[in-house]
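Welcome to this set of short exercises. Keep the sequence and the 3D view open, try each task yourself, and then read the worked solution.

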Amino acid sequence: MDLLPWAQSLAEQLLAQELPRRWAHTQGVGYLAEVLAGIPALGDDAELLAAAVWLHDIGYAPGLADTGMHQLDGARHLRDTEKANPRLCALIAHHTYADIEARHRDLHAVLEAEFPPIPGLLADALTYCDVSTTPDGELTNAKDRLTEIFARYAPGSIVYETMTEATPLIFESVARISALMSTCL
Ligand SMILES: [Fe+2]
């Protein structure tokens with residue numbers, strides 16, 4: 001089975017009915033992955049990126065949510081139930097600087113032991129897609145997206161503190177991807 005149609009179908013199956021807003025976000029992020037596929041440096045990994053983008057939030061799905069970390073829950077489902085490619089699982093497990101959230105939830109050792117991170121272009125690209133799409137699937141920019149996240153969570157909450165720490169790293173990822181995209185124009 002081709003990786004991308006499989007990923008799209010699995011994401012739809014897990015999110016579309018039960019979590020329609022999350023599904024809308026996923027579809028928007030999926031559109032951006034198509035745009036990023038034109039970055040020459042991605043090479044043969046363009047389809048892997050697209051599959052990761054479509055599947056990055058499946059850990060929110062009822063039945064999969066377990067540890068409080070949707071990144072880890074989604075990756076475990078892909079590894080244990082879907083027997084997915086280990087690189088795909090690792091990208092989901094670590095997406096959008098999940099290692100920071102894992103530290104705040106005392107899950108960092110678990111996350112790193114189960115899914116060795118894959119830093120670099122794929123992680124940057126996944127972060128770029130995630131923070132450039134609103135919860136409703138519209139295009140946005142990282143600054144507005146982070147403002148929206150900070151407005152939803154109280155200072156002191158795990159998400160607020162995680163995102164405070166992740167913000168400079170997210171902007172660095174976005175800058176690296178934006179620079180690569182500008183060379184494709
Ligand atoms: Fe997302």
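**Exercise 1. One helix, two sides**

Which residues are exposed on the other side of α9?

*Solution.* Before starting, know that this is a predicted model, in which local features need pLDDT of at least 70 and side-chain atom pairs count only at pLDDT 80 or more, while totals for chains, interfaces and linings use all residues. Residues are numbered from 1 along each chain as its sequence is written, and side-chain values use heavy atoms, with hydrogens and water left out.

Step 1. Learn the terms: buried means under 20% relative accessible area, exposed over 50%, and partly exposed in between (1.4 Å probe, protein chains only). Helices (H or I, at least four residues) and strands (E, at least two) are DSSP runs, numbered from the N terminus.

Step 2. List the buried residues of helix α9 (residues 142–152): Ala142, Arg145, Leu146 and Ile149. Seen down the axis of α9, these fall within an arc of 95°, so they line one face of the helix. (The arc is taken from the directions from the helix axis to the C-beta atoms.) An α-helix has 3.6 residues a turn, so residues three or four places apart point the same way.

Step 3. Turn to the other side of α9, where Lys143 and Ala151 are exposed.

Step 4. See what the buried residues of α9 pack against: α2 (20–36), α8 and α10 (158–182). Contact here means heavy atoms within 4.5 Å.

**Exercise 2. The iron site**

Find the protein donors of the iron ion and describe their arrangement.

*Solution.* Step 1. Donors are N, O and S atoms within 2.8 Å of the metal (3.2 Å for Na, K and Ca); water is not among the atoms, so sites may look incomplete. Here the protein donors are His25 (NE2), His56 (NE2), Asp57 (OD) and Asp130 (OD), at 2.0 to 2.6 Å from the iron ion.

Step 2. Look at the angles among the four donor atoms: they run from 83 to 175°, and the site is irregular. Four donors count as tetrahedral if all angles lie between 85 and 135 degrees; four count as square planar and six as octahedral if opposite donors are over 155 degrees apart and all others between 65 and 115; anything else is irregular.

Step 3. Place the donor residues along the chain, where their spacing reads H-x30-H-D-x72-D. His56 lies in the loop between α3 (46–55) and α4 (70–80) and Asp130 in helix α8 (residues 121–131), so the pair ties together parts that are 74 residues apart in sequence.

Step 4. Check burial: His56 is buried at 0% relative accessible area, and Asp130 is buried at 9%.

**Exercise 3. An enclosed helix**

Why is helix α5 (residues 86–93) described as largely enclosed by the rest of the structure?

*Solution.* Step 1. Six of the eight residues of α5 are buried, so the helix is largely enclosed.

Step 2. Name these buried residues: Leu88, Cys89, Ala90, Leu91, Ile92 and Ala93.

Step 3. Look for their cover, which includes α1 (3–15), α3, α4, α6 (98–104), α7 (108–114) and α8.

**Exercise 4. A residue in α8**

Is Ala125 buried or exposed?

*Solution.* Step 1. Locate Ala125 in helix α8. Ala125 has a relative accessible area of 1%, and therefore counts as buried.

Step 2. Leaving aside neighbours within four places in sequence, Ala125 is in contact with Leu36, Leu49 and Ile177.
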